[in-house]
Amino acid sequence: MTSLSRSRACSGFAAVAILCAALPVLAQEMNPTIEVRPGGLTAHRVALQQFADEGPGSASLQPEKLREALRAALEFTSSVVTLPDAAFLGPVETETLHGSRRADCQEWRTGGADVLVEGVIDETNGRARVQVGVWDVARCLRLFSESYVRPAATMPRYARRIGDDIVGAITGTRGASATEIAFITTDTGHREVALMDSGGSNARNATNSNSVKAFPAWLPGGGGILYTAYVTGQQPALYVTARSRAVRAGSLLGNVLEGEPKYRGVFHPTGESLALVSSVNGSSELFRVARDGRRLKRLTFSPSIEVSPTWSPDGEQIAFVSDRSGSPQIFVMNADGTDKRRLTFQGGYNSSPAWSPDGRWIAYQTRLDAQFDIWLIDPSGEANFPIVEHPRSDESPSWSPDGRRIVFSSTRRGRADIYTVDRDGSNLIRLTRDRGDNTHPVWSPYPE
Amino acid sequence: MKGGDVTVSSAIRLEDWTYERGERERQEIRRRLIGSLIGHAVFLVLLFGLPSWSPAPLPAVVSIDLLAAMPSPAPSAPRAAPKVTPPATPPPAAPAVVPPAPVQKKKVLPREAPKPRAKPVLKRSPKPPQLDYDDVLASMRDELGEPTPSAEPVLDSPPAPAGGSGRVDPVLAAWLVSVERAVRHSWVTPAQYRNSDLRTSLVVTLMADGRVLGEPEIARSSGDPHFDDNAVRAVMQASPLPPPPQAGDWPFLFNPTD
């Protein structure tokens, strides 16, 4: 054979060898895809153990009370339900905190849990320590582990924040049970700013004076509450009631637009500036101003009424109410006042917009006949649907900081009361009872 | 073929090689041979695509007497072929991915040009009536006592055809329904995820008895790590799944729209 034909033959054999090796590849097919749709499970099922008491004597911090406080915090969000003890296939009380491995995941899974919360507590000299472990028993993986130290007497209340952390570890979004709601009440005979826990307990007044109060708004960080006060003989003005030492109570923006009414202020998400509703030549207009009163900028220039600003969570846009088109409707503009566009086209009276923390929805009230319902619209205006519908009036929506629930005011039982509801309209809970008319609720930010 | 592109003079013959010239030529031949092998390898990889190199074996085409599989006569196991799917007991001895015992000869590797489809073997005659996929699903549902769901599990691509006529293997169809139901019942979808546009694609390695091997791999993330996590958990929580028609990699798509 010549070297030429030999080299050709070698190449030829190599090609055939590769081709034969590739045949199984050619002949294979992928298995068909299984498309899974949502079933009935809308919440994670958590086995919450009773924490073991390792302290010399937890007189003030009792494991049963701590467990119930944690359970309430976990179930504050509809994303989590806790299993009853009868369903536990493992021990009801934590025997020992596990490190990075555990052998009983299958047992918990068989009992119907997909998450297990274990913990130990101990208390010495009035200080309590709670150590928590959160396990994904489907993958047998520890999701979260933390140690909390507080004065023993405050620990049961602090359990709400621990529960919120656990919800965050399970779902990715921190829970909001350890938050508050500010609102306006006529409890004392005249309108005052009031406060209560997110579950309705601990309601008390934050102001007490002769002026009429309106439009409460939280300082970012929750250190204070901004509100409008109508003092007889004066223009309405803005005031802050402090909840932490870092915040100075008293009037706000007193040196801005002097002589003009300041109807309402709403803080930018960073707290550095505010959207302000004031007046020019008798017509209400929107402004933006730094917290110290500098850099006042007018945002609207129309003879129509512009009120009710709400910031997008990134602080880049403002939704507001204007009747420039002939009836009160919701508009959106950039934070510098440019690019105003109308958002709502359905219904003859749309107001009180509130932008969700994830930026994807604006809750608002819309009038049908003589009463209002609460609807959601997305910022592009494409999706628009009701979440609270009732023959009596439902108004003033405000979002929880985790975006899972909405607080609003309703006259369904006669007097105005504050209610909260899931963002899909389910799980309605009434928060106020027998304390006059309660309106304009605003949900606090996460505690710092 | 590079082997043909020879610049060595054709006048040189084997018996004329001296040591130096022979060495040079042998080097040239080696070079050309290696170049040829590389060229062929690259060509074939590009042609057939890397994802094809999956270890999953061919789908087994099962010979089934469709009349026996229908519910109206006593629904006994298909008579046609033994070892259609491994029964729930006992698990296979080898824990590794085990293809089911070959039901019939797979005439897949002919000597000539490769065929992508396996030829089926229907042992019985007369030929059973050709059934529509929806009929088979409906009959399976009747047998299981389930109402027709409003949102039926949608198949991304048609399953491996039996008989080359586009009809669906009913054992595969029934398994697809039952495995979707098993995973759906373990899938947690909180309100903010329902009817969103998030989608997660997983590849799950199933053993012959339905157990999940290892952890599902995320083939395509939804962009939300907790949504992805819930999909992985759903599969792990549902394990062991109903035993699949064959062990291997099975793709899952999680779609939270009602």
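Trainee: Which residue follows H4(A), and what is special about its phi?

Mentor: That's A:Gly172, right after H4(A), and its phi is positive, near 95 degrees. Keep in mind that this is a predicted model.

Trainee: How do you know that the span of helix H4 of chain A agrees with its 17 residues?

Mentor: H4(A) covers residues 155-171, and at 1.5 Å a residue its 17 residues should span 24 Å. The end C-alpha atoms of the helix are 24 Å apart, so the two values agree.

Trainee: And which residues of H4(A) are buried?

Mentor: Among them are A:Met155, A:Ala159, A:Arg160, A:Ile162 and A:Asp164. To be called buried, a residue needs 20 or more other C-beta atoms within 10 Å of its own. Over the whole of chain A, 43% of the 448 residues are buried.

Trainee: What else is in chain A, counting helices and strands?

Mentor: There are 4 helices and 31 strands in chain A.

Trainee: Is chain A compact or spread out, and how do you know?

Mentor: Set its radius of gyration, 29 Å, against the 22 Å that the globule rule gives for 448 residues. The 29 Å is well over that, so chain A is more spread out than a compact globule. Along its principal axes, the C-alpha trace spans about 115 × 75 × 45 Å. The domain assignment splits chain A into domain 1 (44-171) and domain 2 (180-443), and the C-alpha centres of these two domains lie 37 Å apart.

Trainee: Why is A:Asn125 called exposed or buried?

Mentor: Count the neighbours: A:Asn125 has 7 other C-beta atoms within 10 Å. The cut-off for exposed is 12 or fewer, so A:Asn125 is exposed. You'll find A:Asn125 in the loop between strand E5 (115-124) and E6 of chain A. It also has a positive phi of about 50 degrees although it is not a glycine.

Trainee: What makes A:Asn427 count as exposed, buried or partly exposed?

Mentor: A:Asn427 has 14 C-beta neighbours inside 10 Å. That falls between the 12 or fewer of an exposed residue and the 20 or more of a buried one, so A:Asn427 counts as partly exposed. The phi of A:Asn427 is positive too, about 60 degrees, again in a residue that is not a glycine. Most residues other than glycine have a negative phi.

Trainee: What makes E6 and E7 of chain A a pair of strands?

Mentor: Pairing takes at least two bridges, and 10 bridges join E6 (residues 127-136) to E7 (residues 141-151), so they qualify. The two run antiparallel. One of the bridge partners of E6 and E7 is A:Gly133 with A:Ser145. In their hairpin, with 4 residues between the strands, A:Cys140 takes a positive phi near 55 degrees.

Trainee: Which strands form the open sheet, and in what order?

Mentor: The order is E1(A)-E3(B)-E1(B)-E2(B), with mixed pairing.

Trainee: Why is one side of E1 of chain A and of E2 of chain B left without a neighbour in the sheet?

Mentor: E1 (34-36) of chain A and E2 (217-220) of chain B each have a single partner strand, so they stand at the edges.

Trainee: What joins B:Ser239 and B:Pro240?

Mentor: A cis peptide bond, with omega about 0 degrees. B:Pro240 sits in the loop between H5 and E3 of chain B.

How values were computed:
Residues numbered from 1 in each chain as written. Chains lettered and ligands numbered in written order. Predicted model: local features only at pLDDT ≥ 70, side-chain atom pairs only at ≥ 80, totals over all residues. Rg over C-alpha atoms; globule rule 2.2 N^0.38 Å. Expected span 1.5 Å × (residues − 1). Domains from an automatic or database assignment.
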